[in-house]
Structures are given as C-alpha cells and as structure tokens.
Amino acid sequence: MIRNLLFTVLFVGFLGGCASTAPSWAPGGGMPRSVPAPTAEFRAAWLATVANIDWPSSPDLSTLQQQQELRTMMDRAVEIGLNAIVLQVRPTADAFYASPLEPWSYYLTGVQGRAPEPFYDPLAFAVEEAHRRGLELHAWFNPYRVLHPTATDSISALHASKRLPGSVVTYGDLMWFEPGSDEATAQSMAVIMDVVERYDVDGVHLDDYFYPYPVSDEDGAHVEFPDEANWRADSTDGLARDDWRRRNVDVFIQNLYEGVKARKPWVKVGISPFGIWRPGHPPTVRGFDQYAGLYADARKWLNEGWIDYWTPQLYWSMDSEGQSYAALLDWWVAENHHDRHMWPGLYTSRVILEGTAWWEPAEIVRQIEHTQRTEGAAGNVHFSMRALMPAAHGMGEAVAAAYDEAAIVPASPWLGGQAPAAPALTAERGYVAVRPAGREPVFVWAVHWWDGRNWHFERVPGWQQSLRPPAEGVRGVAVRAVSRLGHVSSPATLTF
C-alpha cells in the first residue's frame, strides 16, 4: 500500500520531463492518455473523549503526553487509510478547547474548569495536526448531555448545572439539558456556533443522544423524563407531549444547519442517529424505536436535507435477522431524497468486547465491502479509534487491507465552490515540485504514479510542495488539486 507521509525510498536519476494539464504519451512509451479518477470514499473514526474512551487515555496526563497520544492516533489514521477524524469536543456541557461559555472538561485535566498546564488549546492543536496530515477534522458535540457519572468529582461554577439550573434535569444517573427549555437550546447553539466561528473545523457532528434513552426504576417501570412543566407552558397549540418533544429536537436540528451555513457554508453538518428509525422500516427490522423513545424523527431530518452527511449507527451484523446491516443501509439510502452523503457508522469496537458482544474483524470488513458496493453510500465511520490502534486482534490491519488504496473525501457540490486549477509540476533531482496554479486553496493532492504497467494512487496534504516517487522505476506522475469541498482539478502530468 502507498500512504502519504510514509515514503521511505527516494527516486533518483530523473531524466527530465515536461508538465502539461492534459495526459500525454512520452517518447519511447510513457503514461496512458487516460488517468484514473481518484477513489472518493469517506473513511473516518470517532475519537471519543467522554470517560476517556479514546483520548486522552487518562485525565491526569501532561500536555506533552496528551499531544503525543493524539499525534500517534492521527499517524495511525493515515497509516491505515483514513481521511478524517471525528473528535468529541463537548462530551458533557464542557469543552476540549478554550471556551468562554463552558468549563474545561474533567476528562482533559481531572478537574472541571482547569486548563491544561502548560497551556495549549486541544481543538486548535487537533485541527492543525489533522490538516498537516491531510485529514479532515470534524468537531463532535453532545447538545443535551450535561453530566456523566464518571465526572462528578469537580463541578465548575461555569458549568450549566450551576449556571443554568432551571434548564437542567436529572434522569437516571445523568444530568441533561431539557430540550423544551429555550435557555438550554440557546446555550447549546451558542456553543456550537462559537466553535464554527473560531476554529477551522471541517465539520460539525452530532451523535444519537437527543432525549435520553429511556430509564426504568428498580421495579422495572418506565421513568418519565421530567419535562411536564415546560410542556404545559408551551402547549398552547395543543401538541401531545411526544409530538412536542419531537418538535423541540426538529427545531434545534434545522436551526443548527442553517446557523452553520450562515457562518461558514463549507463546514459540513453531520448526524449519526440510532440506526433504526422505527421498527418495521424496512419491514424485516425489529428493535428500539428512536422516534418514540428518543423523540428523534431522524428520517425527517434526512428527508428535509438538514444535513450534509448521514451516519446512521448500523451496529448490527450482516446476518442479523432483525437488524440486518444491509437492509438498514438500503432503507436509509432510499430515504436520501436530497442525495446527501451516506456514510454509516460501524461498531468496530466490538472486536475488543467479550462474550456474545464480540465480533471477529472479518465482520467489519464485510460491512466496509458491502458499503463500497452499495450505490448511494460512499464511506463509513468507525467507533472508535481505540479499536484501530495496533493490537493482537488486528482490526486496524484488517481495515487497512480493506482500504488498500488511498481515497479523497467525496465532493459536496450542493455547498458550492469550484474545482481548483491543475497544478504546475517540475522535475527536480529526486522529487517532483508541485505548485498551485490558481486562487482556489488546495486541501490535498491526488497523486497517481505510473510504473510502466500500473497506476499507484496516494493522497498528499496540500501544503506539501514536493512529491517523492514511492519506488525506483516510476515513469511518470499525474497530479490533481483537490479543494476543501472535494472538487477535483484536471490532471497535470509529468513523464520522465
């Protein structure tokens, strides 16, 4: 496999050549006239910070240790063929960045409200390190979860449980924003828009936590979410309580999408809802009803086009009788009326679970391959990065084999933008110099090397201006500029 940033062999003895914006034949037999299109597939992993699932591995690490862990994970992402990271920056109404609105996360320093020492901004650092490697960085927010039982040792005065107590309720062993509270939704919206405005993120991402999953008491009886006061105060239009709850979330999702686009139209908005909309959709599917249980009308958000990419959590096997991965994927694709990106989530971490919850890596590979064969789907997101790190189970290596050729992130034409100009190429001693030729910024270079028989593709960060052939005997190269929104230039070619 050829991976950007991993070249170990320098090519020497260039015979010279010439650059052009259209493929051509070289004297004595050179590159074919037709250059393959770059593979376009979203390949991402969630990087969870809540309860220190992925990063940092412990809340008591030094700044240097935190930074090194994150660099190691991003290097691993490149090594196995990923092109994006979805980083959880607001796990429990707290922040993995310098926020004027919410306290520093307990999971970062072990004390809520305490900044890293020596100081750094983890989100700014993550964006820089991701872009340096040609990876997209999506900021993942939990809009409603306020406090998790793993982080109760210290509560900052800035935390919502103290600053906005009238908007926060306890349900089970967690605290939640009440989605019917205008104050609560305004807080979450302000937090997300602050990040969009101040950080160079490529996407904004929400997961499946809207209203919380239902809780039962010690006798097994359902416990009602404590929002009756707000419902009665806001029920002048006669909405039933369940419909009112769904409307609360609908309004938040629509306002989120419109708010992001008003500030930075190029920032993608993605949601990863529970994988089943309602039992019976499609007819073979059984299981939890998120429409009735989480008050999340996920199909509506997709149908309305309030997202740029859709990542339903399809956490069941290919052979599951009641929740087949394939059947659910087909159903969601059919609901994608606005032709937005369909990048389902995979429960890759099942390879580190035990008992009946455990899967072999081959199951995840089957799901990747099925997605690649499914028209209307163009990628996956893995939960989570921990399962892709080097380990005896070999999940990361299995994913790398499935992603045997590099890939760029698919284009988002509805977000506007245009293709960059083809780059300028010059043969130098031991490398190819590549320069942008227009005003459109280049996010990555899509590079095809020709060895006389086959093309070899790699993705190279756009800031790099020198390309080193992967092996001796390379006879030519074709390079396309790729914009931040995935628009691809025509190829510039060089034979030697």
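**Close-up 1. Ser489, a buried serine in a loop of this predicted model.** With a relative accessibility of 5%, Ser489 falls under the 20% cut-off and therefore counts as buried. Its place is the loop that links strand S21 (476–482) to strand S22 (492–495). Look for the side chain of Ser489 first: one of its polar atoms sits 2.8 Å from the backbone nitrogen of Ala481. Leaving aside residues up to four places away in sequence, Ser489 touches Ala419, Pro420, Ala421, Ala422 and Pro423, along with Arg480 and Ala481.

**Close-up 2. Strand S18 and its two partners.** Here we move to strand S18 (residues 444–450), where 7 of the 7 residues are buried, so the strand is largely enclosed by the rest of the structure. In a regular strand the side chains alternate between the two faces of the sheet. In S18, Val444, Ala446, His448 and Trp450 point one way, while Trp445, Val447 and Trp449 point the other way. Strand S19 (residues 455–461) pairs with S18 in the antiparallel sense over 7 bridges, and Trp445 has Val460 of S19 as its bridge partner. The hairpin of S18 and S19 has 4 residues between the strands, and Gly452 in this hairpin takes a positive phi near 100°. S21 also runs antiparallel to S18, joined to it by 7 bridges; in this pairing, His448 is matched with Ala478 of S21.

**Close-up 3. Two separate nonpolar cores.** The largest nonpolar core has 112 residues, and Leu123, Trp301 and Met385 are those with the most contacts inside it. Centre the view on Leu123 and you will find that it touches Leu87, Val89, Phe96, Tyr97, Leu137, Val195, Tyr199 and Val201, not counting residues up to four places away in sequence. A second core, separate from the largest one, has 17 residues, among them Leu425, Val432, Trp445 and Phe496. Trp445 may look familiar, as this tryptophan belongs to the buried residues of S18.

**Close-up 4. Helix H1 and its packing.** Helix H1 (63–79) has 17 residues, which at 1.5 Å a residue should span 24 Å; its end C-alpha atoms are 24 Å apart, so the two values agree. The buried residues of H1 are Thr63, Gln66, Gln67, Leu70, Met73, Met74, Arg76, Ala77 and Val78. An α-helix has 3.6 residues a turn, so residues three or four places apart point the same way. The buried residues of H1 pack against S2, strand S3 (84–90), H2, H3, strand S4 (136–141) and helix H12 (395–402). Just after H1 comes Gly81, with a positive phi of about 100°.

**Close-up 5. Backbone features in the loop between S2 and H1.** Which residues other than glycine have a positive phi in this view? They are Ala51, with phi near 60°, and Asn52, with phi near 55°. Ala51 is partly exposed at a relative accessible area of 34%, whereas Asn52 counts as buried at 13%. The loop between strand S2 (42–47) and helix H1 also holds Pro56, and the peptide bond from Trp55 to Pro56 is cis, with omega near -15°.

**Close-up 6. A cis peptide bond between Glu117 and Pro118.** For this bond, omega is about -5°. Pro118 lies in the loop that connects helix H2 (106–109) with helix H3 (122–132).

Conventions
Residues are numbered from 1 along each chain as its sequence is written. This is a predicted model: local features need pLDDT of at least 70, side-chain atom pairs count only at pLDDT 80 or more; totals for chains, interfaces and linings use all residues. Side-chain values use heavy atoms; hydrogens and water are left out. Helices (H or I, at least four residues) and strands (E, at least two) are DSSP runs, numbered from the N terminus. Buried means under 20% relative accessible area, exposed over 50%, partly exposed in between (1.4 Å probe, protein chains only). A polar contact is a pair of N or O atoms within 3.5 Å; within protein, one must be able to donate a hydrogen and the other to accept it, and residues adjacent in sequence count only if both atoms are side-chain atoms. Contact means heavy atoms within 4.5 Å. A nonpolar core is a set of buried Ala, Val, Leu, Ile, Met, Phe, Trp, Tyr and Cys residues joined through side-chain atoms within 4.5 Å. The expected span of a helix is 1.5 Å times one less than its number of residues. Two strands pair if DSSP finds at least two bridges between them.
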